[in-house]
Amino acid sequence: MTANESDDTARQPHAHIQPSSRSNSNSTLDPVEHFDDEPKRLLPDADETKRELPSWVNEQLPHWGERICVPEWDHDENLDDEEGVSDSDKCGEDEIDGYRSKNGWKGTDLCHSRKSPVRISHYGVQYKEGGVGTTLTGVVEFTNNAESHAGFCHGGSMTSVMDDVIGWTAFHVTGACVPWSGFTAQVNVSLKRPIAVGSYLKVIGKIIKWEGRKVSIHAQLLVGEDNEGVDIVHCTAEGLVVLKRDVAGYK
């Protein structure tokens, strides 16, 4: 997400994202009608991506709200094979293969690919009427490729997580999932504790203010609870997202 992109037409709300069928020359998200060559396969086979998440993820996941379904994320995580995922939410191979290339992307997602140094997954949303109070929660894996000081993660990897959750939290301000409906304009991060490589943490974003096109979010990165039942916070952030004009009700 960048702040200098044009205010092109936002996607229609849909938890299971499909490429738009509308033709709009101002939108980078509309599908390409023709290809000289077949789209390159940007995503791995499912059997290459299986991983075992910590037990606390499965314990807490049901309390995080409605699952956010994006084709490439689900395929990377093998969520299509999980129990409780309906057939309508599963992603066809053609959709997975061409989704990014047909809609203007050049590579894989910085924070949501199996190759990501810091990998975010399992986003769930709890909506609040009026937008303020809406909360997004997810899992973050800090891989060995996020290392800076020996055995510890780069501060930039923590900042990338804050940027991602701030943006995706704002995408839900209208009461529906509208991906890429705004641009991150500001992220103020406070690094509280170092994170060891190989760690799994929980990330939370919460909308605290919505005025016109501006959505303010508070985010935090934490793990478990200490012996007194208090969350151990590794990072906090305050962020500002500017919505596209049509999403915020502007013409």
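Leaving aside its neighbours within four places in sequence, which residues is I68 in contact with? In this predicted model, the list runs W73, D74, Y123, V125, L136, W168, H172 and C177. Keep an eye on W168 as you read, since that residue turns up again in the core, in helix α4 and among the ring pairs.

**The nonpolar core**

- The largest nonpolar core has 38 residues, and the members that touch the most others are I68, Y123, F142, V161, M162, W168 and L221.
- Several elements chip in with at least two residues each: β2 (118–126), β3 (135–142), α4, β5 (200–211), β6 (214–225) and β7 (231–243).
- Helix α4 gives the largest share of this core, with 7 residues.
- Apart from this core sits another one, made of 5 residues, including L53, V57, W64 and Y200.

**Helix α4**

- Here's a quick check you can do yourself: α4 covers residues 155–170, which is 16 residues, and at 1.5 Å a residue the helix should span 22 Å.
- The C-alpha atoms at its two ends are 23 Å apart, so the model agrees with that expectation.
- Now look at which of its residues are tucked away: the buried ones in α4 are S157, M158, V161, M162, D164, V165, I166, G167, W168, T169 and A170.
- Two names in that buried list, V161 and M162, are also among the core residues that touch the most other members.

**Aromatic rings**

- The structure holds 3 aromatic pairs.
- One of them joins W168 and F171 edge-to-face, with 5.1 Å from centre to centre and 70° between the planes.
- Both partners are hidden away: W168 is buried with a relative accessible area of 4%, and F171 is buried at 1%.
- W168 also pairs edge-to-face with W180, this time at 5.5 Å centre to centre, again with 70° between the planes.
- W168 belongs to helix α4 while W180 is in the loop between α4 and β4 (182–191), so this pair ties together parts that are 12 residues apart in sequence.
- Step back and you can see a cluster, in which ring pairs link W105, W168, F171 and W180.

**Two residues with positive phi**

- W180 has a phi near 55°, which is a positive value in a residue other than glycine.
- You'll find W180 in the loop between α4 and β4, where the residue is buried with a relative accessible area of 16%.
- H122 has a positive phi too, near 60°, and is likewise a residue other than glycine.
- H122 lies in strand β2 and is buried, with a relative accessible area of 9%.

**Salt bridges and cysteines**

- How many salt bridges does a search of the whole structure find? The count is 1.
- That salt bridge brings together the side chains of K209 and E211, at 3.7 Å from N to O.
- K209 is partly exposed, with a relative accessible area of 42%.
- A disulfide is a covalent bond between the sulfur atoms of two cysteines.
- A search of the whole structure turns up 0 disulfides.
- Among the cysteines, C69 is buried with a relative accessible area of 3%, and C111 is buried with a value of 3%.

Technical notes:
Residues numbered from 1 in each chain as written. Predicted model: local features only at pLDDT ≥ 70, side-chain atom pairs only at ≥ 80, totals over all residues. Heavy atoms only, no water. Salt bridge = Lys/Arg side-chain N within 4 Å of Asp/Glu carboxyl O. Buried < 20%, exposed > 50% of the residue type's maximum accessible area, 1.4 Å probe, protein only. Helix = DSSP H or I, 4+ residues; strand = E, 2+ residues; numbered from the N terminus. Expected span 1.5 Å × (residues − 1). Disulfide = S-S within 2.5 Å. Core = buried A, V, L, I, M, F, W, Y, C linked by side-chain atoms within 4.5 Å. Contact = heavy atoms within 4.5 Å. Phe/Tyr/Trp six-rings, centres within 6.5 Å; stacked < 30°, edge-to-face > 60°.
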